[in-house]
Every structure is written in structure tokens, then in C-alpha cells.
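User: I've got a model open and want to go through it with you, one question at a time. Can you keep it casual and end each reply on the thing I asked for?

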Amino acid sequence: MSDQGLSANALARRSGVNRQVIANVLNGTVWADTLTVIDLEGALGVILWPDHVQWRIPAAGEAPEGYSDEVEGTSASDSSASNNAG
């Protein structure tokens with residue numbers, strides 16, 4: 001904003017993001033959600049969230065890279081045995 005000489009009001013008009021949201025993000029009282037970051041990046045013409053354009057988006061039903069829903073040290077048979085015991 002400062003590089004482009006924009007006030008929060010001017011950025012709000014340009015981006016469509018509420019001025020109070022912009023002020024809250026700048027003050028560090030809230031984190032911007034993804035859509036807000038996208039709107040602000042488009043209005044400013046700069047990347048605000050580093051390297052997010054390089055992220056691989058998984059296909060529908062595919063787990064994100066590095067994700068596992070298995071609990072360490074247990075197996076499916078361990079969890080079914082504990083469910084039957086109670």
C-alpha cells in the first residue's frame with residue numbers, strides 16, 4: 001500500500017474488501033482469509049502469500065501431499081479391538 005501510495009479507503013475501493021477488514025489485518029488483530037488475500041493481491045498487483053501459486057492442489061477425493069489419517073503407533077485392528085471392548 002505504501003509503495004503505491006494507497007490508503008485503506010483507496011485499497012478497499014480497488015479491491016472490494018471492506019476498509020475495516022483491511023485496517024484489522026494491518027493492525028494484526030485478524031488474519032485475512034484466502035479470498036481476501038486473493039482480492040488484495042489482485043488490487044495491489046503483488047504476491048502477499050509467498051509461493052502459494054506454486055502449491056499443488058490435490059484432485060477431488062485425493063489427500064494433500066504428506067497427509068496421513070493414520071495415528072502413529074496404532075493400526076486399524078487396534079482401534080477396532082478398543083471399540084469392541086467398551
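User: Which helix holds the place of Ser-15?

Analyst: Keep in mind that this is a predicted model. Helix H1 runs over 8-15, and the place of Ser-15 is in helix H1.

User: Is Ser-15 buried or exposed?

Analyst: The cut-off for buried is under 20% relative accessible area. Ser-15 has a relative accessible area of 13%, so the label is buried.

User: What does a polar atom of the Ser-15 side chain lie 2.7 Å from?

Analyst: Leaving aside neighbours within four places in sequence, Ser-15 is in contact with Ile-22, Asp-39, Leu-40 and Ala-43. The polar atom you ask about has its partner within H1, where Leu-11 is one of the buried residues. The atom 2.7 Å away is the backbone oxygen of Leu-11.

User: Which helices do the buried residues of H1 pack against?

Analyst: The buried residues of H1 are Ala-8, Ala-10, Leu-11, Ala-12 and Ser-15. Take Ala-12 as an example: beyond its neighbours within four places in sequence, Ala-12 is in contact with Val-17, Asn-18, Arg-19 and Ile-22. For the buried residues of H1, the packing partners are H2 and H3.

User: Which helix gives the most to the largest nonpolar core?

Analyst: That core has 10 residues: Leu-6, Ala-8, Ala-10, Leu-11, Ala-12, Val-17, Ile-22, Leu-40, Ala-43 and Leu-44. Helix H1 and helix H3 (34-44) each supply at least two of them. With 4 residues, the top contributor is H1.

User: What percentage of the chain's residues count as buried?

Analyst: For background, the chain has 4 helices and 0 strands, and the order from the N terminus is α-α-α-α. The chain exposes about 6900 Å², with carbon and sulfur atoms supplying 52% of that area. Of the 86 residues, the share that counts as buried is 17%.

User: Among contacts between residues at least 6 apart in sequence, what share joins residues at least 24 apart?

Analyst: A C-alpha pair with a long sequence separation is Gly-42 and Arg-14, which are 28 residues apart in sequence and 9.1 Å apart in space. That distance describes one pair, while your question covers the contacts of the chain. There, the share is 24%.

User: Which residue just after H2 takes a positive phi?

Analyst: H1 is followed by Gly-16, whose phi is positive, near 85°. At the start of H2, a side-chain oxygen of Asn-18 reaches to within 2.7 Å of the backbone nitrogen of Gln-20. Just after H2, the residue with a positive phi, about 80°, is Gly-28.

User: Is Ala-32 buried, partly exposed or exposed?

Analyst: Ala-32 sits in the loop between helix H2 (19-27) and H3. Buried means under 20% relative accessible area and exposed means over 50%. At 26%, Ala-32 falls between those limits, so the label is partly exposed.

User: What distance separates the C-alpha atoms of Ala-32 and Ile-22?

Analyst: Leaving aside neighbours within four places in sequence, Ala-32 is in contact with Val-25 and Val-37. Ile-22 is 10 residues from Ala-32 along the chain, and their C-alpha atoms are separated by 8.4 Å.

User: Which residues lining the largest pocket are the closest to its centre?

Analyst: The largest pocket has a volume of about 230 Å³. Its lining has 13 residues, with H2 and H3 each supplying at least two. The closest to the centre are Val-25, Ala-32, Val-37, Leu-40 and Leu-48.

User: Which residues is Thr-36 in contact with, leaving aside its neighbours within four places in sequence?

Analyst: Thr-36 is found in helix H3. Its relative accessible area is 12%, so Thr-36 counts as buried. Its contacts beyond those sequence neighbours are Val-17 and Val-21.

User: Does Gly-42 count as buried or exposed?

Analyst: Gly-42 is found in helix H3, as is Thr-36. The exposed label needs over 50% relative accessible area. Gly-42 has 59% relative accessibility, so it counts as exposed.

Key: Residues numbered from 1 in each chain as written. Predicted model: local features only at pLDDT ≥ 70, side-chain atom pairs only at ≥ 80, totals over all residues. Heavy atoms only, no water. Core = buried A, V, L, I, M, F, W, Y, C linked by side-chain atoms within 4.5 Å. Buried < 20%, exposed > 50% of the residue type's maximum accessible area, 1.4 Å probe, protein only. Contact = heavy atoms within 4.5 Å. Areas by Shrake-Rupley, 256 points an atom, 1.4 Å probe, with all protein chains shown as cover. Polar contact = N/O pair within 3.5 Å; in protein donor to acceptor, adjacent residues only side chain to side chain. 1 Å grid on protein atoms, 1.4 Å probe; cavity = no way out; pocket = protein on both sides within 12 Å on 5 of 7 lines; lining within 4 Å. Points joined across faces, edges and corners; volume = space filled by probe spheres on them.
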